[in-house]
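Mentor: Let's read this chain together, one question at a time. Ask whatever catches your eye.

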Amino acid sequence: MNNYQLELTEEQEKLLIPLLEALKIDFRKEEVNNKNGSTQPLPSPLTQKSDYTVEEIEEYAALFPKKHIWKSSDIETYFPQDLKVSVQIIQNQLFIMPSPNFNHQAISEELGFQMGTFVRQHKAGKIIYAPIDVQFDEDNLFQPDIIFIAVSRYHIIENKKVQEAPNLVVEIWSPSNAKKEREMKHKIYETQGVTEYWQIFPKKREVKVEVLNEEGKYKLFSEAKKVGKVQSKVLNGFEIEIETLFEEVDK
């Protein structure tokens, strides 16, 4: 291969230098969205700090094109890894969740403690609390409130995230969680094969437990409102009085 040296005049050098400086761009800002065929500027990743507020994250997300198709990899690319605000992707849409309130945390702590005690006694697997990323695929990355993973499926925990469907998932719904979000998550948990799905509604003091049937569809397994017990099929023998879950709520 021959090497060539380009001879430039002083005037040409003056014109070329600003051009070269202008080309020192962050190529992430020129990402091509193959889904819609357009090239649109994207913002640079956020600096690595954990104390961003919901409002700051929402302002940052608004910098992305409206038609941006969110992927699971975007979370690692653009957001700090120890972010306290919950950022999830549901069917390529970004959902930003405020920090849990006291009621939410009280319910999560009580249920997690009782489930965790049962699981440890029976050496059944692991109970894991949020924040933990559950990546079903590139289009869906969730942070459920509580998950259970059986011993035989520990292999799905990779790189500090869960790469496939947990055996059991718990979602504690707050007023800020829109009906659309609840319906989308319900469908994804079902199609991805989460065997048992708990939904807790603090305002109604209601708990619903659904289990996949033979057709791979959720069927109500146990339910209680204000009083009574709910049971688990996956954690065979586990049950809880729902009054204990809501004991600290709105005191």
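Trainee: Where is the place of Pro-131?

Mentor: First, some ground rules: this is a predicted model, where local features need pLDDT of at least 70, side-chain atom pairs count only at pLDDT 80 or more, and totals for chains, interfaces and linings use all residues. Residues are numbered from 1 along each chain as its sequence is written, and side-chain values use heavy atoms, with hydrogens and water left out. Helices (H or I, at least four residues) and strands (E, at least two) are DSSP runs numbered from the N terminus. With those numbers in hand, Pro-131 sits in the loop between strand 5 and strand 6 (133-137).

Trainee: Is the peptide bond from Ala-130 to Pro-131 cis or trans?

Mentor: Look at its omega angle, which is near 5 degrees. The bond from Ala-130 to Pro-131 is therefore described as cis.

Trainee: How many helices and strands does the secondary structure of the chain come to?

Mentor: The chain has 251 residues, of which 43% are buried (under 20% relative accessible area, 1.4 Å probe, protein chains only; exposed is over 50%, and partly exposed is in between). Counting its secondary structure elements gives six helices and 16 strands.

Trainee: In the open sheet of six strands, which strands stand at the edges?

Mentor: Two strands pair if DSSP finds at least two bridges between them. The order in this open sheet is 5-8-11-12-13-14, and the pairing is mixed. Two of these strands have a single partner strand each, so one side of each is left without a neighbour in the sheet. They are strand 5 (125-129) and strand 14 (218-225).

Trainee: What does the twist average from one strand to the next?

Mentor: Angles here run from 0 to 180 degrees between N-to-C directions, with axes as lines fitted to C-alpha atoms, for helices over the stretch in contact. From one strand to the next, the twist averages 15 degrees.

Trainee: Which residue in strand 14 stands opposite Leu-212?

Mentor: Strand 13 (residues 206-212) pairs with strand 14 in the antiparallel sense over seven bridges. Leu-212 has as its opposite number in strand 14 the residue Tyr-218.

Trainee: Which strands does helix 5 (residues 179-192) touch?

Mentor: Touching is a contact, meaning heavy atoms within 4.5 Å. Helix 5 packs on the sheet, and its direction makes about 165 degrees with that of strand 12. The strands that helix 5 touches are strand 11, strand 12, strand 13 and strand 14.

Trainee: How many residues of strand 3 are buried?

Mentor: Follow the side chains along the strand: Ser-86, Gln-88 and Ile-90 point one way, and Val-87 and Ile-89 point the other way. Both groups are buried. For strand 3, that makes the count five of its five residues.

Trainee: What is phi of Gln-91 in the turn between strand 3 and strand 4?

Mentor: Strand 3 and strand 4 pair in the antiparallel sense over five bridges. They form a hairpin with two residues between them. Asn-92 is in that loop too, and its phi is near 70 degrees, a positive value in a residue other than glycine. Gln-91 also has a positive phi, of about 50 degrees.

Trainee: Is Ile-90 buried or exposed?

Mentor: Ile-90 lies in strand 3, and among the residues it touches, not counting those up to four places away in sequence, are Phe-95, Phe-142 and Met-184. Asp-139 is 49 residues away in sequence, yet the two C-alpha atoms are 6.7 Å apart. The relative accessible area of Ile-90 is 0%, so the label is buried.

Trainee: Which element gives the most to the lining of the largest pocket?

Mentor: A pocket is an open set of points on a 1 Å grid over the protein atoms alone, where a 1.4 Å probe fits, with protein on both sides within 12 Å along at least five of seven lines; lining residues have an atom within 4 Å of a point. The largest pocket holds about 480 Å³ of space, a volume filled by probe spheres set on points joined across faces, edges and corners. Of its 25 lining residues, those closest to the centre include Ser-86, His-104 and Asp-145. With three residues, the top contributor to the lining is helix 4.
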